[in-house]
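Here is a quick walk through a protein–DNA model for anyone who would rather think at the bench than scroll through coordinates. Have the viewer open and follow along.

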Protein chains: 2
Amino acid sequence: MSPDRNRRPIPDATVSRLPVYLRILGEQRDLGVDSISSDRLAELGGVNAPKVRKDLSYLGSYGTRGVGYEVEYLIFQIQRELGLTHDWPVVIVGAGNLGQALAGYGGFGERGFPVAAIVDVDASKVGSVLGGTRVRPVDELPQIVRSKRINIGVVATPASAAQDAADRLVAAGVTSILNFAPIVLTVPAGIEVRKVDLAVELQILSYYEQRRTGGAAPTARARSASAS
Amino acid sequence: MSPDRNRRPIPDATVSRLPVYLRILGEQRDLGVDSISSDRLAELGGVNAPKVRKDLSYLGSYGTRGVGYEVEYLIFQIQRELGLTHDWPVVIVGAGNLGQALAGYGGFGERGFPVAAIVDVDASKVGSVLGGTRVRPVDELPQIVRSKRINIGVVATPASAAQDAADRLVAAGVTSILNFAPIVLTVPAGIEVRKVDLAVELQILSYYEQRRTGGAAPTARARSASAS
DNA sequence: CGAGCTTTGTGAACGCGTGCACGAGTGCCT
DNA sequence: AGGCACTCGTGCACGCGTTCACAAAGCTCG
């Protein structure tokens, strides 16, 4: 299991599906399933079977023809490829509504991303406890990142403060950022940024709704009275 | 009317970028800018200029050569295309950590998606007030959806309850679902579903971190991290 | 031990989206 | 009025990702 075996780059599209396979495999293992076919995995994952096989083939040939994939072993291989064999502690910047929710949301820790710290510029928020973690002043970011060996930061501030938050994270030594603020962050080369904009997802749904109904308004202020 | 005849379909990739342009245009308008070039819009949006022009060309030829795009008019055109000329009230299923956060998060309402209602199966959660909205029992979903003319539902339940939540939403008449639960929902044809899995985004970041460091662990049994 | 069924792994074709280059239209300045 | 600088709109080539089809490989059973 020497990591010096040169890894060819895995297509981005495949990387974004591997976590899905991983989750399904974990569920199946907990159900007592020890072998699974690409067909079944595709069904559970909402994709088609050839795509599953091609995706998994980027990891190596870990399946057995005529049988399928050994669940336990495949979990290990995907975890290894994704770097999930150990925890990645994260620091959340911004203890507002969203930051509080993310801290309280157990899903991060369960999947290997424990919330190691929360910071905020607002002194009035410092000291309160969210999801078992005390909010600390943003100035302590460098010490926190260094002492807890944090590589990933989460920006959960309002848009106006997001760039500053990102700058501070980068200065503190973070190399990957998950950005929930609706702006495009400017970061130095080599820093990986992913953006999640909740409103954008709704707007995309709106487009398909609008196309479906031909523009009929569900709560058109012009016609029906939508109080409150 | 036939909704698909008057408009050629816009590529999905373009649809997912239109909200980004829309947000930037709104900001620029608030700053007093009344005309913007594709170059500038691309810079602010983190894409390249030809892509901006191609995206906008799907809406029609609303630019002026030699000048750029009139901000106000372009905002209107994108809003019209995305169906954002009126509000789309949404209902949130699940008043747990995530549901509470989404209800309190003002970003939805600001962007035209007011939280019209929150429901939960847990009777102990019913009655509490989140973000100005009282939590109501899940059985009232059909009445809520009908009376408030809701087309979009948000699933913010644990994974185990997500499929049931989706079924109830569909039965109540919702035609689009934004799913935060980490499972693939099964819905009838014609129902649009978009999925946001917060942990998946972190796992993707983990992959790039892992590739960068060659698999060095940041917390557990780590050698010295690469301090570049 | 071989036939037949099952399932993986992958080369190749196809389609979509991106990036590029350039023609076309507009405003400004002399 | 004419030239020039600027920017949009778009045809085209390229590359990535998806899909398909099929050969290779393993298991089961008689």
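Let's start with how chain A is wired, keeping in mind that this is a predicted model. If you take the contacts in chain A with a separation of 6 or more, 53% of them are between residues 24 or more positions apart. The chain is built from 9 helices and 10 strands, and its C-alpha trace spans about 60 × 60 × 35 Å along the principal axes. Chain A has 228 residues, and 49% of them count as buried. About 10600 Å² of chain A is exposed, with carbon and sulfur atoms supplying 49% of that area.

How is chain A divided up? The domain assignment gives domain 1 (12–81) and domain 2 (90–200). Measure between the C-alpha centres of domain 1 and domain 2 of chain A and you get 31 Å.

One residue to click on is Arg23(A), which sits in helix 1 (residues 12–30) of chain A. Is Arg23(A) buried or exposed? Its relative accessible area is 13%, and because anything under 20% counts as buried, Arg23(A) is buried. So who is around it? Setting aside neighbours within four places in sequence, Arg23(A) is in contact with Arg111(A) from its own chain and with Pro182(B), Ile183(B), Val184(B) and Lys195(B) from chain B.

Now for the DNA, beginning with strand C. There are 27 residues around DNA strand C, and those that come nearest are Ser38(A), Tyr69(A), Arg17(B), Asn48(B) and Lys51(B). Sugar or phosphate makes up 63% of the strand C atoms within 4 Å of the protein, and bases make up the rest. For Gly63(A), a backbone N or O atom is what lies 2.8 Å from a phosphate oxygen of DNA strand C. The elements giving two or more residues to the surface near DNA strand C are helix 3, strand 2 (63–64) and strand 3 (68–70) of chain A, plus helix 1 (12–30) and helix 3 of chain B. Helix 3 of chain B gives the most, with 4 residues. By class, this surface has 7 nonpolar, 11 polar and 9 charged residues.

On to strand D. Here 26 residues surround the DNA, and Arg17(A), Asn48(A), Arg65(A), Ser38(B) and Tyr69(B) come nearest. Of the strand D atoms that come within 4 Å of the protein, 68% are accounted for by sugar and phosphate. At least two residues each come from helix 1 and helix 3 (49–57) of chain A, and from helix 3 (49–57), strand 2 (63–64) and strand 3 (68–70) of chain B. Which element gives the most to the surface near DNA strand D? That is helix 3 of chain A, with 4 residues. The residues of this surface divide into 7 nonpolar, 10 polar and 9 charged.

The table collects some side-chain contacts to the two DNA strands.

| Side chain | DNA atom | Distance |
|---|---|---|
| Arg17(B) | phosphate oxygen, DNA strand C | 2.7 Å |
| Lys51(B) | phosphate oxygen, DNA strand C | 3.1 Å |
| Ser38(B) | phosphate oxygen, DNA strand D | 2.4 Å |
| Tyr69(B) | phosphate oxygen, DNA strand D | 2.7 Å |
| Lys54(B) | base oxygen, DNA strand D | 3.2 Å |

Look at the Lys54(B) row: its polar side-chain atom lies 3.2 Å from a base oxygen of DNA strand D, while for Ser38(B) the partner on that strand is a phosphate oxygen.

Conventions. Residues are numbered from 1 along each chain as its sequence is written. Chains are lettered from A and ligands numbered from 1 in the order in which they are written. This is a predicted model: local features need pLDDT of at least 70, side-chain atom pairs count only at pLDDT 80 or more; totals for chains, interfaces and linings use all residues. Side-chain values use heavy atoms; hydrogens and water are left out. Buried means under 20% relative accessible area, exposed over 50%, partly exposed in between (1.4 Å probe, protein chains only). Contact means heavy atoms within 4.5 Å. Domain bounds come from an automatic or database domain assignment. A residue is near a molecule or strand if one of its heavy atoms lies within 4 Å of it. A polar contact is a pair of N or O atoms within 3.5 Å; within protein, one must be able to donate a hydrogen and the other to accept it, and residues adjacent in sequence count only if both atoms are side-chain atoms. Ala, Val, Leu, Ile, Met, Phe, Trp, Tyr, Cys and Pro count as nonpolar, Asp, Glu, Lys and Arg as charged, and the others, Gly among them, as polar. Accessible areas come from the Shrake-Rupley method with a 1.4 Å probe; for residues, only the protein chains shown count as cover.
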